[in-house]
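Let's take a walk through this structure together, going from paired charges to packed helices and on to what lies inside. Keep the model open beside you as you read.

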Amino acid sequence: MADRAKQVYNHFVNRVSDMSPSADTWAVVPLAPPDSIFKLTAAYKADTFPNKVNLGVGAYRDDDSKPWVLPVVKKATQILLNDPTLDHEYLPITGLPEFTSAAALLLFGAGSAVLAEGRVASVQTISGTGANHLAALFLSRFYEWNGPKQVFISNPTWVNHKAILKNVGIEHIDYPYYDPKTIGLDYAGLLNSLSTAPEHSVFLLHACAHNPTGVDPTAEQWEKIADVVLAKKHYAFFDCAYQGFASGSLDKDASAIRYFVQRGVPLLVCQSFAKNAGLYGERVGGLHVVASTKEGADKVKSQLSVLQRSEISNPPSHGARIMALIMNDGGLFEEWKRDIKTMADRIISMRRELHRLLTEELKTPGGWDHIVNQIGMFSFTGLNSTQSKALTEKAHVYLTENGRISMAGLNSHNVKYFAVKLDKVVRGEL
């Protein structure tokens with residue numbers, strides 16, 4: 001009897017020991033690699049070299065390499081601070097109505113038929129990342145897939161697109177986009193992919209200022225792309241993170257989206273105000289799904305609301321209030337457009353100066369017209385990984401290994417230093 005009691009006692013002691021906090025529940029979890037961009041930024045910050053240059057991060061900097069709070073954002077923030085009616089109550093699940101309606105108008109334009117007919121379901125999201133996630137989640141649940149769930153994405157694309165799609169059970173398929181031989185658009189490869197993909201395929205398209213290449217189709221090329229999309233009954237998944245920031249014009253940078261809407265292409269648009277308003281940390285964005293009828297748009301919005309409720313309940317209010325105020329006030333809106341042009345023009349001027357230094361002053365081997373032909377924040381330089389690593393390790397110039405640079409990181413104080421080091425690495429003398 002004593003032996004039996006001892007056995008029972010030992011059994012329970014062993015069970016408790018197995019369940020104790022000392023047991024490593026998460027021993028099987030692998031260590032994830034750090035995000036490459038944030039790792040690059042951390043290395044830059046730790047570098048004590050006085051002439052270091054950060055060309056990795058995708059955020060605007062002024063001519064002194066400082067973050068720039070837009071004057072119109074400062075003004076709008078002050079107005080909100082002095083508003084005695086302001087509270088901190090929850091927003092509706094689908095966001096601040098004054099924001100989502102103005103954001104949709106910004107994309108589709110005044111006089112848009114789809115807005116007048118109530119055929120756009122608009123939801124406030126956690127910036128462009130949240131918009132991409134909600135869009136992908138919605139498609140995974142409700143799109144009538146012709147075969148496996150898969151979305152065609154450009155090669156290359158914003159790295160987060162792949163992770164976002166994977167997390168909702170959608171496979172990504174690369175389509176040709178960047179041609180390293182020309183450092184430009186692989187237009188033939190893109191059209192061929194559109195033509196040979198199964199009907200009703202989903203294609204993720206960058207509305208403007210393609211990330212990471214800075215290579216955009218021309219207006220004529222967009223027309224032909226729309227022709228093939230319509231002929232194959234494809235669905236356009238637009239990611240619009242740089243409206244206004246690319247060319248300096250909000251309307252010009254939305255022209256591809258508006259053309260596709262005019263042609264009747266079925267589509268949705270993911271929108272971000274991080275870049276064009278400098279509201280990186282406020283996470284202000286929107287998702288806009290165009291339906292064929294108002295009833296369809298109402299159904300879509302109802303399901304987007306259900307999905308959003310289970311993930312974030314309600315979007316944050318502060319950044320949305322800032323943008324709603326700016327977009328709905330005529331004077332503030334005009335000031336915002338001037339601020340956007342200030343940012344876009346500075347980046348364009350850095351492209352021109354870098355091109356001048358390489359082609360006229362340094363006579364750097366190779367062709368460099370792509371520097372001025374590309375658009376927006378980023379540029380694919382054409383450097384290989386060995387050259388890119390050499391610039392970081394030997395010249396303290398921080399860029400991604402694929403040769404992508406953020407033009408916003410260049411300014412009148414460091415562009416000559418960068419051009420000289422770029423020239424040396426191309427010549428194999430660094």
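K299 counts as exposed, with a relative accessibility of 51%. In this predicted model, the side chain of K299 meets that of E295 in a salt bridge, at 3.8 Å from N to O. E295 is exposed too, at 54% relative accessible area. Both residues sit in helix α13 (residues 294–311), and because they are four residues apart, about one helical turn separates them. Elsewhere, salt bridges that share partners link E353, R356, E361 and K416 into one network.

The structure holds 15 salt bridges, and some of them reach much further along the chain. Take D63 and R346, whose closest N and O atoms are 3.9 Å apart. D63 belongs to the loop between β1 (53–54) and α3, while R346 is in helix α15, so this pair ties together parts that are 283 residues apart in sequence. The two partners sit in different surroundings: D63 is partly exposed, with a relative accessible area of 27%, whereas R346 is buried at 12%.

K75 and E335 form another such bridge, with 2.9 Å between N and O. Here K75 comes from helix α3 and E335 from helix α15, so parts 260 residues apart in sequence are tied together. K75 is partly exposed at 40% relative accessible area, and E335 is buried at 12%.

That last pair leads us to the helices themselves. Two packed helices are described by the angle and the distance between their axes. For α3 and α15, the axes come within 8 Å and cross at roughly 145 degrees. On the α3 side the contact is made by P71, V72, K75 and I79, and on the α15 side by L332, E335, W336 and D339. Sorted by class, this contact has five nonpolar residues, three charged ones and no polar ones.

W336 also takes us inward. Along with F99, F273, M323 and L354, W336 is among the residues that touch the most other members of the largest nonpolar core, which has 60 residues. Elements giving two or more residues to this core are α3 (71–81), α4 (97–108), α14 (318–328), α15 (330–361), α17 (385–395) and α18 (415–427). Which element gives the largest share? That is α15, with nine residues. For a closer look, try M323: leaving aside neighbours within four places in sequence, M323 is in contact with F99, F273, A277, L279, V284 and W336. There is also a second, separate core of 36 residues, which includes Y175, L205, A207 and A226.

Now turn to K275, in helix α12 (residues 274–277). K275 is buried yet has no salt bridge. How far away is the nearest side chain of opposite charge? It belongs to D239, and the separation is 9.2 Å. Beyond its neighbours within four places in sequence, K275 is in contact with G58, A241, Y242, F245, Y280, M343 and M377.

Our final stop is S201, in the loop between α8 (187–196) and β7 (202–206). Is S201 buried or exposed? With a relative accessible area of 8%, S201 is buried. Again setting aside neighbours within four places in sequence, S201 is in contact with Y143, F152, H234 and Y235. To place S201 in the wider model, compare Y60, 141 residues away along the chain: the C-alpha atoms of the two are separated by 35 Å.

Notes:
Residues numbered from 1 in each chain as written. Predicted model: local features only at pLDDT ≥ 70, side-chain atom pairs only at ≥ 80, totals over all residues. Heavy atoms only, no water. Core = buried A, V, L, I, M, F, W, Y, C linked by side-chain atoms within 4.5 Å. Buried < 20%, exposed > 50% of the residue type's maximum accessible area, 1.4 Å probe, protein only. Contact = heavy atoms within 4.5 Å. Lys, Arg positive; Asp, Glu negative; His and termini not counted. Salt bridge = Lys/Arg side-chain N within 4 Å of Asp/Glu carboxyl O. Axes fitted to C-alpha atoms, helices over the stretch in contact; angles between N-to-C directions. Nonpolar A, V, L, I, M, F, W, Y, C, P; charged D, E, K, R; others polar.
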